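Q: I'm new to this one and would like a close look at a single part. Could you pick a helix, walk me through it, and then show me what else is worth seeing around it?

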Amino acid sequence: MTVGIDAKQALWFYDFVSPFTYLLLEQHDKWPGFDFAFTPVVLNDLYRHWGQAPASTVPSKRTFMYRHALFRAEQLGIPFKMPPAHPFDSMKPLLLATAAKGDVQFVREIFRFIWREGRDPSSESGFAELCERVGMPDGPTLIQDPEVIAQLRRNGADAIGLGVYGVPTFRLNDQLFWGEDALPMVLYCARTPNWLESKEVKRISSLPSGLTNMSPQAAKPADPS
């Protein structure tokens, strides 16, 4: 039986495919002093639901993303090594973390295997080594459990129901904070929650769209020819 997300908890949504999620977790000592429920989700499922194109599908954006991740790692003094190919299939480590109900130490060890050591967790040999690393040598069998698979899918469905559209995402006091660079905002709002109730924040949070009912096709510029 799957367990739904407890929206009353402070939540942190992650997928191992994201380098910025690794970088944010490496700053865990700076996080607000709440017990965040670590919640694995499949990033591509979020993209599909919201109709977003992954950054990796845009060549120039993909290049910038990798450079930016390396720059941020160097700026923050965090060891960083890209895995041999990206994006990779993160389903195995996600299911492993789901099966283990992974806490911060468990999840961080998986992230470090991928993003500190530059390893591939999707290959048979790489995943077997990862399972040994985290003390779950039976991981290849555990991740085939239908209940584990269903739980990961439930996580994603519940996350979408809360409006989650990417990783890393904090959910704190019923608000979403997306991205590694959102940490200062998370800290500020944890200390000063009434900021979100300020007049200007409320105003910009309910702005109407200036492109109402315009389809993506109609939004394209006209052919100059």
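A: Let's start with a yardstick: the expected span of a helix is 1.5 Å times one less than its number of residues. Keep in mind that this is a predicted model. Now take helix H5, residues 104–115: its twelve residues should span 16 Å at 1.5 Å a residue, and its end C-alpha atoms are indeed 16 Å apart, so the two agree.

What is tucked away on this helix? The buried residues of H5 are Val 104, Phe 106, Val 107, Ile 110, Phe 111, Phe 113, Ile 114 and Trp 115. Their cover includes two strands, E1 (11–14) and E2 (37–40), along with the helices H1 (19–25), H4 (91–100) and H6 (124–133).

Next, some charged side chains. Glu 109 belongs to a network of salt bridges that also links Glu 117, Arg 119, Glu 129 and Arg 133. Side chains of opposite charge can pair when their charged atoms come close. A search of the whole structure finds 13 salt bridges.

One of these pairs is Arg 153 with Asp 45, where the closest N and O atoms are 2.3 Å apart. This pair ties together distant parts of the chain, since Arg 153 sits in helix H8 and Asp 45 in helix H2, 108 residues apart. The partners are not equally accessible: Arg 153 is partly exposed at 42% relative accessible area, while Asp 45 counts as buried at 19%, because buried means under 20%.

Another pair lies within a single helix. The side chains of Glu 200 and Arg 203 form a salt bridge, 2.8 Å from N to O. They are three residues apart in helix H10 (residues 199–205), so about one helical turn separates them. An α-helix has 3.6 residues a turn, so residues three or four places apart point the same way. Glu 200 is partly exposed, at 43%, and Arg 203 is partly exposed too, at 46%. Glu 197 and Lys 202 also meet through their side chains in a salt bridge, at 3.4 Å from N to O.

Now for the pockets. The largest pocket has a volume of about 820 Å³. Of the 33 residues lining this pocket, the closest to its centre are Leu 43, Tyr 47, Ala 55, Met 65 and Val 167. Two or more lining residues come from each of H1, helix H2 (43–50) and helix H3 (59–76), with H3 giving the largest share, five residues. By class, the lining of the largest pocket has 18 nonpolar, nine polar and six charged residues.

The second largest pocket, at about 510 Å³, has 22 lining residues, and those closest to its centre are Val 3, Thr 98, Lys 101, Gln 151 and Asn 155. E1, E2, H4 and H8 each give two or more residues to the lining of this second pocket. E1, E2 and H4 are also among the elements that cover the buried residues of H5.

One last stop is Tyr 165, in the loop between helix H8 (146–161) and strand E3 (169–172). Tyr 165 is partly exposed, at 33% relative accessibility. Leaving out residues up to four places away in sequence, Tyr 165 touches Leu 46, Tyr 47, Trp 50, Gln 52 and Trp 178. Tyr 165 and Leu 43 are 122 residues apart in sequence, with their C-alpha atoms 8.2 Å apart in space.

How values were computed:
Residues numbered from 1 in each chain as written. Predicted model: local features only at pLDDT ≥ 70, side-chain atom pairs only at ≥ 80, totals over all residues. Heavy atoms only, no water. Helix = DSSP H or I, 4+ residues; strand = E, 2+ residues; numbered from the N terminus. Buried < 20%, exposed > 50% of the residue type's maximum accessible area, 1.4 Å probe, protein only. Contact = heavy atoms within 4.5 Å. 1 Å grid on protein atoms, 1.4 Å probe; cavity = no way out; pocket = protein on both sides within 12 Å on 5 of 7 lines; lining within 4 Å. Points joined across faces, edges and corners; volume = space filled by probe spheres on them. Nonpolar A, V, L, I, M, F, W, Y, C, P; charged D, E, K, R; others polar. Salt bridge = Lys/Arg side-chain N within 4 Å of Asp/Glu carboxyl O.
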